[in-house]
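Visitor: Could you walk me through this one? I'd like to talk about the strands and then the packing.

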Amino acid sequence: MTSTLQMQPGERALLQAGRYLTAVVATAAACWTRSALEPWLHGECPFSLFFLSTLFTAWLCGTGPGCFAAALGVLAAAHFFIPPQSSLLLQDTSDKLSLSVYAIVTGIVIFLFDRVARQRRTAEGRLAENERLSDSLREADRRKDDFLALLAHELRNPLASIQNSVALMEREPTTNEVKRRARQAIRRQSTHLTRLIDDLLDISRMLKGRVELRSERFDLRRVVEDASETASGLFDAKKIELKTLKPAEPAFVYGDPVRIAQAVTNLLDNAAKYTPDRGRVVVELAADEGSATLIVADNGIGFPPEDREKIFEPFLQIDPSRTRDYQGLGLGLSLVAQIAALHGGKAKGFSRGPGLGSTFTLTLPLASQEVSPGPSIDAAPAKALPSAERATDSRRPKTVLLVEDNVDALASMQALLEFEGFEAVSAADAYAALALADSISPDVVVMDIGLPGMDGYELARRLRSRPRFQRSRFIALTGWGAERDRRQAVEAGFQSHLVKPVDFDRLLEIIREGDAAGVPAEPVAAGDDSGR
């Protein structure tokens, strides 16, 4: 509807005239009706119908026309229905009193109508403002998600180069203790940066309920074993004693093993971070009464008992001081709580106070026997390929084509593959790869997606159409890790979709061993960089 302010002056004048014409018509209708009822009213209630016409006009047309209708009603009643007729002079005191009451009541009603109308206009204005603000917030949220996705992509590219370079240096034996420690520090800090990126993306997605679980029935004991092994480096660095207690019988749960492994790892990382050197951490897994319970207890810094719910809030730091004795974004425990809730479980924290250690409990429902076992924890969905494309599975790849626009990442990856005995051929963009297509027959193609000029999806389709690449296995190694990116990769002909930075030993394992029907990506590849 066009607002009054948006109308032309002539249109506004016509609209205003129409409102006042409504007052005239309503008063005329009241006069006619009152005249028709005169045989029964005998001069009584001269203002009753004019009061109704005034209410109708004020409700429909606003304050000005309502006041005009009230004035017309007074004149019509005095002229036609109050003796002496055809005169506007009132002689009877009771008629004067009636007119006064009519004027007062009508004025009050018109005032109330005007107040309601103003309140309605204010409410409509606020509603429109709220809608505008909501749209702005949604747009800001979308831009934030896009920024996080782009930030993750841009950070993962240099991290991939750093980790590849470290992996290359680690393959050269050295007795220099300083160099060895420097390599360990670079590896440790780049891994820490990768975890921060993944946590930011995961918490954004989980808070919006946009997590896609790949559930299956599996033994929780295996996840605890793997997570303990993954976190062992943190405990060894601080000489923390880690004791793990597990039941003799399997503890089968139904859920996403990658996400649950992430929750367990976060609990162990949290314990290692807040436990002093030479401290002690006990991990206990028990299965009883339809649920599996994982307890991680430490003798670390603890927290105030009243904060046991607050510590699961995102971005909250147990130690918020400026000294920053404990690094991190305050997302680890929040992710644990979100993952537990997604699986119908619960995460709890307990501490007797600062300096008295803490205990965290992760409870998950046990899987019923009726749930059929899904694929193993290492499996991942993938697109099956024709038998002709699986011909190279049983033999070790000899030639690997690398397509990567990041010069450092390309050089370090090529050096690593050549060190492992592969013939590595590199291309810095899609067009260079197409130029090589007729001269090589690679067993494996490791390709970035965000290439200049032509993205990796289109390049994979074009290479797939060439006879020399019919039997090649395609691996996407990219900074884009959204679920939609994974689907696009499968549709384009990739058998694997890995998110940078990937551990080179893991990539090497996939190149050497995988199944052409698809080799799983690292757990982070299940994430969604968009936050959507």
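Guide: Let me begin with one pair: V400 has V444 in β10 as its bridge partner. This is a predicted model, in which local features need pLDDT of at least 70 and side-chain atom pairs count only at pLDDT 80 or more, while totals for chains, interfaces and linings use all residues. Residues are numbered from 1 along each chain as its sequence is written, and side-chain values use heavy atoms, with hydrogens and water left out.

Visitor: Which strands pair there, and over how many bridges?

Guide: Strand β8 (399-403) pairs with β10 (444-447) in the parallel sense over four bridges; pairing requires at least two DSSP bridges, and strands are DSSP runs of E with at least two residues, helices runs of H or I with at least four, numbered from the N terminus.

Visitor: What order do the strands of the sheet take?

Guide: The open sheet has five strands, ordered β9-β8-β10-β11-β12, with parallel pairing. β9 (423-427) and β12 (496-499) each have a single partner strand, so one side of each lacks a neighbour in the sheet.

Visitor: Which helix packs on the sheet?

Guide: Helix α10 (407-419) does, touching β8, β9 and β11 (473-478), where contact means heavy atoms within 4.5 Å. Its direction makes about 165° with that of β9, taking axes as lines fitted to C-alpha atoms, for helices over the stretch in contact, and angles from 0 to 180 degrees between N-to-C directions.

Visitor: Switching topic, what does L294 touch?

Guide: Beyond its neighbours within four places in sequence, L294 contacts residues including V224, V264, F360 and L362.
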